[in-house]
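Biologist: Please take me through this structure, beginning with its overall make-up and then turning to particular side chains and strands.

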Amino acid sequence: MKRWREAECKRVHDPFYAGDGRKVAVNPVEIDGKCIRVLGPIIVGGGPSGLAVAACLKKKGIPCVVLERANCVASLWQLKAYDRLRLHLPKKFCQLPLMPFPSWFPTYPTKQQFVAYLEAYAREFGIRPRFDEAVVAAEYDAVVGFWRVKTAVVNQGREEGGREYMCRWLVVATGENAEAVVPGFDGAGDFKRPILHTSLYKSGDAFRGKRVLVVGCGNSGMEVCLDLCHHGAHPTIVVRDSVHILPREMLCRSTFGLSMWLLRWLPVRAVDRLLLLAARLLLGDTAKLGLPRPQLGPLELKLRSGKTPVLDVGTLEKIKSGAIKVRPAIKKLMEHGAEFTDGRSEGFDAVVLATGYKSNVPYWLKEQEFFSEKDGLPRRAFPHGWKGERGLYAIGFTKRGLMGASLDATRIAEDIERCWKAEVKTTMAFACPPTRQAQE
């Protein structure tokens, strides 16, 4: 009986224990009928955020299951990013926990290099997502104290079949950029030429010699215009709102890195004034080009609304030379062109929507306290939006890029580790009651 109790205690406490003294590889799931019980957390999303938290958990010896609706890691980068894309910030600000970028990578890695880094990251930590499995519903079951996660198998773009999982912890890692934002325009049905979102844009080579209207003046819109210029197209960019444009580098340092350094000594508004002064000296008055600046400084605006300033990589020079035209908001689309709010009308061969992405959490997560139904983001602002109730976590929703995701991953893994150890200790107490001698 004593030997049986000792073996049972080891089995409960150590998932690697085989019962005869041998160690075996841990299986993170147990199949009970049609339901699959996951011993550790379920992570929804196989992008950089999901990989980061999975790696931190693996490092602590906690098994997890990563569910990814696409057929690869970082599907936004691999399947929906244009070819010329690079990281907008230096690599030291974009590396994931526990594994830096290779030293031979350039300061601003290319799309291909970043994807290679993420694939190597997954291999390094033994992360094997369950690909082609889309989460269609997740809800906390208060009766059993677990999250129920239902999925559909994706086959050639269609959802069919499916599974149900149960887990103690649920990590939402689908991020802010899960679904493309496609605005409607008056007369869109009359326009006889292609209209595509940047998620479908790869290269300006397909638009050589054509007049292309790019809607959106964020980093993506500006870079797409530059790419179109390099491929012999004739882009026009729609600027519907004010925008901060900053040089990517100042004083031989990245603008972002310089800003972070200045914030150690100066308040946000003082740093904003310095950035705007330097931008005026290096770039000139952007308002004269049809690119007015917001009333708030770039850093204060980022903190309040999450709106990121544009880091110029050459687009502004093309605007100054006239190679890229700037127009105000679209009033309506016509059969072969567009009419703008200033009364001008022009012809175009295609429209590219650089209108960004949004969260898709409200479509599948049956929870209203932690995530907002309006925008699919955590209701509590950074740095408090990473942890909800009943084992619910969020990563990649800070509007602070990969740095924010890395910070979230570390916090989540540490918190789950505390819960994991506490539950193991409680299970041990029930499975292995103290002997009479120990009680005495």
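Modeller: Please bear in mind throughout that this is a predicted model.

Biologist: How many helices and strands does the secondary structure of the chain come to?

Modeller: The chain has 440 residues, and buried residues make up 48% of them. Among its contacts with a separation of 6 or more, 63% are between residues 24 or more positions apart. The secondary structure comes to 12 helices and 23 strands.

Biologist: What share of the accessible surface belongs to carbon and sulfur atoms?

Modeller: The accessible surface of the chain comes to about 22500 Å². The share of this surface that belongs to carbon and sulfur atoms is 52%.

Biologist: What is the strand order in the open sheet of four strands?

Modeller: The pairing in this sheet is parallel, and neighbouring strands are turned by 20° against each other on average, direction ignored. β4 and β23 each have a single partner strand, so one side of each is left without a neighbour in the sheet. With these two strands at the edges, the order is β4-β3-β8-β23.

Biologist: Which residue of β23 is the bridge partner of V172?

Modeller: Strand β8 covers residues 170–172 and runs parallel to β23. Three bridges join these two strands. In β23, the partner of V172 is A394.

Biologist: At what angle to β3 does α2 run?

Modeller: Helix α2 lies across three strands, β3, β4 and β8. With respect to β3, the angle is about 160°.

Biologist: Is I43 buried or exposed?

Modeller: I43 is found in strand β3, residues 42–44. Beyond residues up to four places away in sequence, I43 touches a set of residues including V53, L57, V66 and V171. The C-alpha atoms of I43 and E68, 25 residues apart along the chain, are separated by 8.7 Å. With a relative accessibility of 0%, I43 counts as buried.

Biologist: Why does the salt bridge between K60 and E417 tie together parts that are 357 residues apart in sequence?

Modeller: The two side chains meet at 3.3 Å, N to O. K60 is partly exposed, with a relative accessible area of 34%, whereas E417 counts as buried at 18%. The pair ties together these separated parts because K60 lies in the loop between α2 and β4, while E417 lies in helix α11.

Biologist: How many residues apart are D349 and R193, whose side chains meet in a salt bridge?

Modeller: The N to O distance in this pair is 2.9 Å. D349 is buried, with a relative accessible area of 19%, and R193 counts as partly exposed at 27%. D349 lies in the loop between β20 and β21, and R193 in the loop between β9 and β10, which places the two residues 156 residues apart.

Biologist: Which residue meets the side chain of K387 in a salt bridge?

Modeller: K387 counts as partly exposed, at 32% relative accessibility, and lies in the loop between α10 and β23. Its partner is in helix α11, 28 residues apart from K387, and is buried with a relative accessible area of 5%. The N to O distance is 3.1 Å, and the partner is D415.

Biologist: Which residues do salt bridges with shared partners join into one network?

Modeller: A search of the whole structure finds 21 salt bridges. The pair of K60 and E417 is one of the salt bridges in the model. Through shared partners, the residues joined into one network are K60, E417 and K421.

Technical notes. Residues are numbered from 1 along each chain as its sequence is written. This is a predicted model: local features need pLDDT of at least 70, side-chain atom pairs count only at pLDDT 80 or more; totals for chains, interfaces and linings use all residues. Side-chain values use heavy atoms; hydrogens and water are left out. A salt bridge is a side-chain nitrogen of Lys or Arg within 4 Å of a carboxyl oxygen of Asp or Glu. Buried means under 20% relative accessible area, exposed over 50%, partly exposed in between (1.4 Å probe, protein chains only). Contact means heavy atoms within 4.5 Å. Accessible areas come from the Shrake-Rupley method with a 1.4 Å probe; for residues, only the protein chains shown count as cover. Two strands pair if DSSP finds at least two bridges between them. Axes are lines fitted to C-alpha atoms, for helices over the stretch in contact, and angles run from 0 to 180 degrees between N-to-C directions.
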